[in-house]
Amino acid sequence: MRLSRHLRNAVEGKRLRHSERLWHLAYKYGMGSCFSGLWVKGLEIAEIARRLGADSVGEQCDWGNLMKGSQHDEEEGIIWGGRLNDEWTQIIEIRRYRGADALPELSMGQGAAISVGWHVNGPQDILYAAGGRYVTAFDVTSPGRRHGSDPRALDAYADGLQFDWDDPTWRDDPGLLPGWLEFSAAEEALEEGEISEEEFYENMRPEWEDYVTLTLNGYSPPLATCLTSALVLVGRVTGRELDDEWMAGTHARFVLSAD
């Protein structure tokens, strides 16, 4: 996804909040409102694809060509992934999100597997499995909410991260996108019926059109921070965060049947 001018200026000027950086990375690649990531320790991508039910031989492609030439039904899914480092394989799921349900099978033996995802209705828990069983479900927006056989298994990786959607301290952060507070106040007034659409658009500043696009893609400062924290946590577990270098690479694409 092409970054808007104002957002691009913020990125190039390094004015984006560091705590939001990985949400903005996902947004850059068209995954701001819907993202599904899977990380598996000890398995190659072909074996992961087989366990997820892939019905195609993997073909190498980059992100820009992931959907080009695809004749597949929209009910089918695509996974795209490859090595993150010596131990972990990283996968992006497009439709047919099977990874979370398959974590126990993907973590059999000495393995481990993690999933992180969100969609327009909100974020999913971080799920972590090891040795063929779920270990913990980690709520990324409500502090202290953990479940599983070892609910605190990932806590050591969460130090300094923000998992509280209701934390208001972001409002005082000088790193907010310029004019975001004014925009969000006007948007709230519009939603509450305190101003009309005509008044909203009459008073629209140059950057507000970009901010409308961001909100339609699921953005808010506290949520972007929570989702970035989830991806940072995964990076601490695996030893490498999701980054531009990996996203710019060529990885294997597999098709998952609609069954």
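These are my notebook entries on a predicted model, covering the overall build, three helix pairs and a few single residues.

**Entry 1: the whole chain**

I started with the inventory, and the protein has nine helices and 10 strands. Next I looked up the radius of gyration: it is 19 Å, close to the 18 Å that the globule rule gives for 259 residues, so the protein is as compact as a globular protein of that length. For the extents, I noted that the C-alpha trace spans about 60 × 45 × 35 Å along its principal axes.

How much of the protein counts as buried? I got 48% of the 259 residues. I also checked how far along the sequence the contacts reach. Taking contacts between residues at least 6 apart in sequence, 69% join residues at least 24 apart.

**Entry 2: α2 against α8**

I went to helix α2, residues 21–28, and helix α8, residues 221–238. Their axes are 6 Å apart, and the packing angle is about 90 degrees. I therefore wrote the two down as roughly perpendicular to each other, since 65 to 115 degrees counts as that.

Which residues of α2 meet α8? I found Arg 21, Leu 22 and Trp 23 on the α2 side. Across from them, α8 puts in Ala 224, Leu 227, Thr 228, Leu 231 and Val 232. Sorted by class, the residues of this contact come out as six nonpolar, one polar and one charged.

**Entry 3: α3 against α4**

Next I took helix α3 (residues 45–52) with helix α4 (residues 99–106). I read a crossing angle of roughly 115 degrees, with the axes coming within 10 Å. That makes α3 roughly perpendicular to α4. I looked up the handedness too, and this crossing is right-handed.

From α3, I listed Ile 48, Arg 51 and Leu 52. They meet Gly 99, Ala 102, Glu 105 and Leu 106 in α4. My class tally for the contact of α3 with α4 is four nonpolar, one polar and two charged.

**Entry 4: α5 against α7**

The third pair I looked up was helix α5, residues 180–191, with helix α7, residues 208–216. Here the axes come within 11 Å and cross at roughly 65 degrees. α5 and α7 are therefore roughly perpendicular to each other. I have this crossing down as right-handed.

What does each helix bring to the contact? On α5, I noted Trp 180, Glu 182, Phe 183, Ala 186 and Glu 187. On α7, I noted Trp 208, Tyr 211, Val 212, Leu 214 and Thr 215. The contact of α5 with α7 has seven nonpolar, one polar and two charged residues.

**Entry 5: Trp 80**

I moved on to single residues, beginning with Trp 80 in strand β3, residues 77–83. Is Trp 80 buried or exposed? Its relative accessibility is 0%, so I count Trp 80 as buried, the cut-off being under 20%. I also took a distance to Asn 65, which is 15 residues away in sequence. The C-alpha atoms of Trp 80 and Asn 65 are 11 Å apart in space.

**Entry 6: Arg 145**

I found Arg 145 in the loop between β8 (133–138) and β9 (146–147). With a relative accessible area of 45%, Arg 145 is partly exposed, because exposed would need over 50%.

What does Arg 145 touch, leaving out residues up to four places away in sequence? I got Ala 137, Phe 138 and Asp 139. I tried Glu 20 as well: C-alpha to C-alpha, Arg 145 and Glu 20 are 22 Å apart, with their positions 125 residues apart in sequence.

**Entry 7: the loop between β9 and α5**

I looked up two residues here, starting with Asp 159, which sits in the loop between β9 and α5. Asp 159 is exposed, at a relative accessible area of 61%. From Asp 159 to Glu 182, I have 32 Å C-alpha to C-alpha, for residues 23 apart in sequence.

Gly 160 is also placed in the loop between β9 and α5. Its relative accessible area is 73%, so I marked Gly 160 as exposed. Where does Ser 229 lie relative to Gly 160? The two are 69 residues apart along the chain, and I noted 9.0 Å between their C-alpha atoms.

Key:
Residues are numbered from 1 along each chain as its sequence is written. This is a predicted model: local features need pLDDT of at least 70, side-chain atom pairs count only at pLDDT 80 or more; totals for chains, interfaces and linings use all residues. Side-chain values use heavy atoms; hydrogens and water are left out. Axes are lines fitted to C-alpha atoms, for helices over the stretch in contact, and angles run from 0 to 180 degrees between N-to-C directions. Helices (H or I, at least four residues) and strands (E, at least two) are DSSP runs, numbered from the N terminus. Angles under 35 degrees count as roughly parallel, over 145 as roughly antiparallel, 65 to 115 as roughly perpendicular and the rest as oblique. Contact means heavy atoms within 4.5 Å. Ala, Val, Leu, Ile, Met, Phe, Trp, Tyr, Cys and Pro count as nonpolar, Asp, Glu, Lys and Arg as charged, and the others, Gly among them, as polar. Buried means under 20% relative accessible area, exposed over 50%, partly exposed in between (1.4 Å probe, protein chains only). A crossing is left-handed if the near helix is turned anticlockwise from the far one by less than a right angle, and right-handed if clockwise. The radius of gyration is taken over C-alpha atoms; the globule rule is 2.2 Å times the number of residues to the power 0.38.
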